[in-house]
Protein chains: 2
Amino acid sequence: MTTATLSTISKSPVTGVEYEIPASKDDIAGIDAFVALHPGKKVVIVQGLGFVGSVMGLVVANALTEEYAVIGIDLPTPASYWKIRSINEGVFPIIASDPKIDEYYQKALAKKNYYATYDSHAYSKADVIVVDINLDVKKQSAANKDLEGYSVDLTPFKKAIEAIGTNCKEDVLVLVETTVPPGTAQKIVRPMLEECLVKRGLSAENIKVGHSYERVMPGPKYIDSIQNFYRVFAGTDEKSARAVETFLRTVIRTDEYPLTKLGNTNATEMAKVLENSFRAMNIAFMVEWSRFAEEAGVDIYEVVNAIRMRPTHKNIMLPGLGVGGYCLTKDPLLASWARMNLFGSEEKLTQSEKGVHINDKMPVYAFEFLQTQYNGSLEGKKVLLLGVSYLNDVGDTRYTPVEGFYDQFEAAGCAITLHDPHVKYWEEKDMWINQQLDELLEQSYDVIVITTGHKDYRNNTALIEKIKQQAACWIYDTIGVLSSEEINSLSERHTVKVIGRGDL
Amino acid sequence: MTTATLSTISKSPVTGVEYEIPASKDDIAGIDAFVALHPGKKVVIVQGLGFVGSVMGLVVANALTEEYAVIGIDLPTPASYWKIRSINEGVFPIIASDPKIDEYYQKALAKKNYYATYDSHAYSKADVIVVDINLDVKKQSAANKDLEGYSVDLTPFKKAIEAIGTNCKEDVLVLVETTVPPGTAQKIVRPMLEECLVKRGLSAENIKVGHSYERVMPGPKYIDSIQNFYRVFAGTDEKSARAVETFLRTVIRTDEYPLTKLGNTNATEMAKVLENSFRAMNIAFMVEWSRFAEEAGVDIYEVVNAIRMRPTHKNIMLPGLGVGGYCLTKDPLLASWARMNLFGSEEKLTQSEKGVHINDKMPVYAFEFLQTQYNGSLEGKKVLLLGVSYLNDVGDTRYTPVEGFYDQFEAAGCAITLHDPHVKYWEEKDMWINQQLDELLEQSYDVIVITTGHKDYRNNTALIEKIKQQAACWIYDTIGVLSSEEINSLSERHTVKVIGRGDL
């Protein structure tokens with residue numbers, strides 16, 4: 001692709017269809033027609049059609065106790081425009097193993113109550129606006145081995161809030177679901193919306209702003225992770241809190257999963273980044289101990305299993321190639337940033353920040369370990385990476401540690417082959433993945449790395465047999481997928497190394 | 001006391017009796033007479049009569065499937081000599097709420113199978129020697145606000161191992177229970193013992209050295225925490241591992257709590273410090289987030305309760321005055337030290353070390369917070385500290401964070417009153433504690449600090465009423481003992497502050 005076409009074409013990774021991005025950003029007719037189809041129904045807008053927003057839209061379109069007209073909004077950019085078209089054309093923009101996704105989408109198609117657009121005019125129709133856009137942290141790249149720097153730029157997020165404020169009704173409920181730096185709803189979203197309303201000559205007194213974070217897990221329970229799970233919420237004032245509660249009760253099974261109301265939105269925003277920081281920091285903790293275990297000839301897996309017998313230690317983690325996904329890789333930094341920049345503290349959240357940096361360095365360490373096995377140069381080596389997703393049994397490549405790992409092999413001049421049973425298309429790399437593992441193993445490799453703990457790679461006798469037939473090579477298990485028996489059997493011909501398992 | 005008497009007198013904090021430490025260190029007659037009393041029985045020696053060893057001795061004296069003759073050994077020093085005398089005179093040297101302690105001790109008295117001595121001659125009689133001595137880390141004091149330095153000195157530990165080696169039988173089993181830097185059994189204990197045996201002209205081939213860590217919890221389940229709990233063990237060779245297993249099966253209820261055998265002693269040693277580092281680091285994590293919560297007007301308790309609804313987050317901790325006890329305050333440092341000094345790594349366990357330092361600084365932060373409420377000077381203020389123990393509902397003052405907290409009030413020129421329902425005598429400070437809370441509250445205070453989360457301070461209406469009757473004062477709850485209702489009720493007259501609960 002040339003740069004020229006890049007900016008006007010948006011290609012669906014689901015269907016491969018290429019859409020021309022329209023020059024005019026006007027969809028007033030489409031929006032008005034959709035709203036006219038649903039007289040008397042409240043209009044709910046989901047802002048952002050990513051992993052959370054697009055599915056949240058589905059859940060709201062299939063609310064439990066109320067019929068809503070749902071509009072999904074995203075930007076007319078190459079990365080997002082195809083999602084808008086896809087939703088309107090009958091192809092859901094996310095491939096997921098959860099059968100409820102298709103079930104809910106078919107129901108919404110039948111009811112014609114889920115429309116997508118890029119035109120901010122839609123905000124003028126909304127009774128509720130659910131904010132599900134991204135708020136990213138910019139980090140140092142793996143090329144810079146330090147990896148400790150980062151920055152938070154609120155500009156795109158503020159622009160999205162401004163788009164709401166310049167169009168919305170004065171009594172709309174804006175429910176932020178985005179993971180934001182604690183303090184955002186109270187110190188940024190609400191004041192911005194009030195200012196916009198006042199500028200438009202409207203009253204700022206009736207606006208309602210709340211925060212409630214999702215705990216979406218892409219995978220086989222995608223819908224349930226929204227609809228059948230505990231929710232924490234708060235409002236920027238009591239009126240907002242009541243409005244959030246009323247709305248959530250219509251879409252979430254709150255009889256089985258009671259809502260938890262917190263004292264203020266700082267608390268809900270903090271809860272979200274705190275729970276993710278807890279995980280990230282506990283993984284980082286194990287990254288360091290795994291290295292120590294290797295040095296001391298200790299098998300960290302048997303140690304952790306022994307420790308987990310204590311109920312107080314059940315949540316101790318296991319080592320891996322690092323950390324991926326949209327949350328654990330950035331939320332601790334959002335929190336630390338907020339502490340200093342929104343609340344004026346002179347102190348970081350040192351444990352939490354350090355945790356992210358340790359995790360980010362894990363793929364660097366893993367690559368360098370392999371490199372030392374080849375006297376510092378992997379040039380020309382044939383490498384097979386088993387797994388692209390950051391999460392077992394799911395095709396989610398967002399911020400996968402495999403990316404930084406892959407980049408290093410590429411920079412070192414390796415010929416890299418990728419496999420992942422759950423990833424057909426690696427969006428971040430614009431790359432199609434060969435999913436025929438048997439076929440891939442017909443070729444020979446110098447290094448085979450298990451990079452994701454998919455079930456397909458566990459206790460897979462056929463896979464082990466295939467690998468055994470390879471000429472002598474390096475097998476590097478970064479997440480403890482191989483059993484002791486498999487390691488022994490592979491070791492007859494190959495050199496096998498498991499992260500966190502030292503040899504005495 | 002003058003320095004002269006200090007060195008020859010050992011006073012029991014249990015009975016107040018003062019013992020003259022004998023000039024001669026010979027107890028051959030006593031040891032031989034005890035062993036002669038138990039013909040045919042194996043002799044088990046417990047080295048170290050502290051919180052672990054003295055009770056481990058009791059458990060072995062009441063073993064499940066074998067009758068042992070048990071000898072406890074400690075040093076003839078002011079700190080320890082009284083324990084030896086006490087055990088032999090019918091007064092168990094530890095006050096504990098667990099009724100099994102007295103039950104087991106009375107049985108041992110009746111069987112006459114638990115003797116205590118200071119003479120290394122005893123090691124020559126032993127079939128099994130259980131090492132339960134301390135291995136301490138020297139840290140910076142609270143007076144030095146940095147608190148980041150520490151050192152590990154193995155000299156006393158090595159001396160104790162040498163005492164075994166110069167006396168023991170060549171086929172003895174030495175079972176290390178002490179929490180040691182990973183690598184100690186294999187790299188220090190076994191080589192030292194072998195060298196001693198060879199020097200004595202004996203064979204070094206039959207010595208058995210293993211490691212199995214206890215998970216002793218002083219308190220109402222003291223005995224059960226040894227006898228009815230999971231155990232992890234390993235040997236420095238296969239023969240040692242078998243000997244450890246055979247011995248443990250005779251004393252621990254392994255039918256209900258199966259033993260876990262690990263690959264080598266580095267692994268068991270690592271498991272112990274890893275599980276404690278996990279806790280210490282998770283507490284440090286919450287220390288930082290509690291501070292952030294205060295800055296952001298968030299109640300960390302409601303946030304943590306909301307997060308704990310997720311099974312993956314059940315082990316998230318709560319804030320407090322810091323961390324105490326013998327394990328969490330030093331084990332992460334032992335591990336980091338071992339990584340660098342026994343395994344030659346150039347890297348620390350940064351997360352774990354940092355965790356200890358963050359925890360150590362918590363009482364400094366708590367004190368300084370109070371000080372700022374009085375314009376930087378607490379001189380002459382009357383302060384009541386509720387709780388001396390580091391652990392709820394237990395009288396354990398080892399490395400309690402209350403100590404550093406107390407020291408700062410003292411240095412600031414405060415008049416300090418202490419209360420703890422479980423601590424009659426504060427050993428580290430050589431101080432008797434008034435346990436009559438009603439009486440103590442007859443006096444008036446400027447500051448009342450809840451320093452330990454004892455049940456006695458929770459939901460105690462009478463206590464709250466008494467405090468309400470005080471003239472206006474500062475009430476500082478460092479561990480979330482007060483309920484919202486209690487805070488409201490106390491706030492009518494007093495200034496109430498809870499660590500981790502911010503006011504918006």
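Q: How many disulfides does a search of the whole structure find?
A: Zero, over all chains; a disulfide here is a pair of cysteine sulfur atoms within 2.5 Å. Keep in mind that this is a predicted model, where local features need pLDDT of at least 70, side-chain atom pairs count only at pLDDT 80 or more, and totals for chains, interfaces and linings use all residues, while side-chain values use heavy atoms, leaving out hydrogens and water. Residues are numbered from 1 along each chain as its sequence is written, and chains are lettered from A and ligands numbered from 1 in the order in which they are written.

Q: OK, so which cysteine sulfur is nearest to B:Cys196?
A: That of B:Cys168, which is 7.6 Å away, and B:Cys196 is in no disulfide. B:Cys196 is also buried, at 12% relative accessibility. Buried means under 20% relative accessible area, exposed means over 50%, and partly exposed is in between, using a 1.4 Å probe and protein chains only.

Q: And why no bond for B:Cys473?
A: The closest cysteine sulfur, in B:Cys414, is 14 Å from its own sulfur, so that is too far for a bond. B:Cys473 is buried too, with a relative accessible area of 5%.

Q: Switching to rings: how many aromatic pairs are there over all chains?
A: The count comes to 38. Rings of Phe, Tyr and Trp (its six-membered ring) pair if their centres lie within 6.5 Å; planes under 30 degrees apart are stacked, over 60 edge-to-face, and the rest tilted. One of the pairs is A:Phe34 with A:Tyr115, stacked at 5.4 Å centre to centre with 20 degrees between the planes.

Q: Which parts of chain A does that pair tie together?
A: A:Phe34 is in helix 2 (residues 28-36) and A:Tyr115 in strand 5 (residues 114-117), so the pair links parts that are 81 residues apart in sequence. Helices (H or I, at least four residues) and strands (E, at least two) are DSSP runs, numbered from the N terminus. A:Phe34 is buried at 5% relative accessible area, and A:Tyr115 is buried at 15%.

Q: What about B:Phe285 and B:Trp289?
A: They form a tilted pair, 5.9 Å centre to centre and 45 degrees between the planes. They are four residues apart in helix 10 (residues 265-295) of chain B, so about one helical turn separates them. Both are buried, and together with A:Phe278, A:Phe343 and B:Phe292 they form one aromatic cluster.

Q: Next, helix 16 of chain B: which residues are buried there?
A: B:Leu463, B:Ile464 and B:Ile467 are buried in this helix (residues 461-469). They cover an arc of only 100 degrees around the axis, so they sit on the same side of helix 16; the arc is that of the directions from the helix axis to the C-beta atoms. B:Thr461, B:Ala462 and B:Gln469 are exposed on the other side.

Q: What do the buried residues of helix 16 pack against?
A: Helix 15 (437-440), strand 17 (447-450), strand 18 (474-477) and helix 17 (484-491) of chain B. Contact means heavy atoms within 4.5 Å.

Q: Last one: how can chain A be laid on chain B?
A: By a turn of 180 degrees and a shift of 0.0 Å along the axis, with an RMSD of 0.0 Å. That is the relation of a two-fold axis. The same surface serves both copies, as 100% of the contact residues of chain A recur in chain B. Copies are superposed by least squares on the C-alpha atoms of residues with pLDDT of at least 70 in both.
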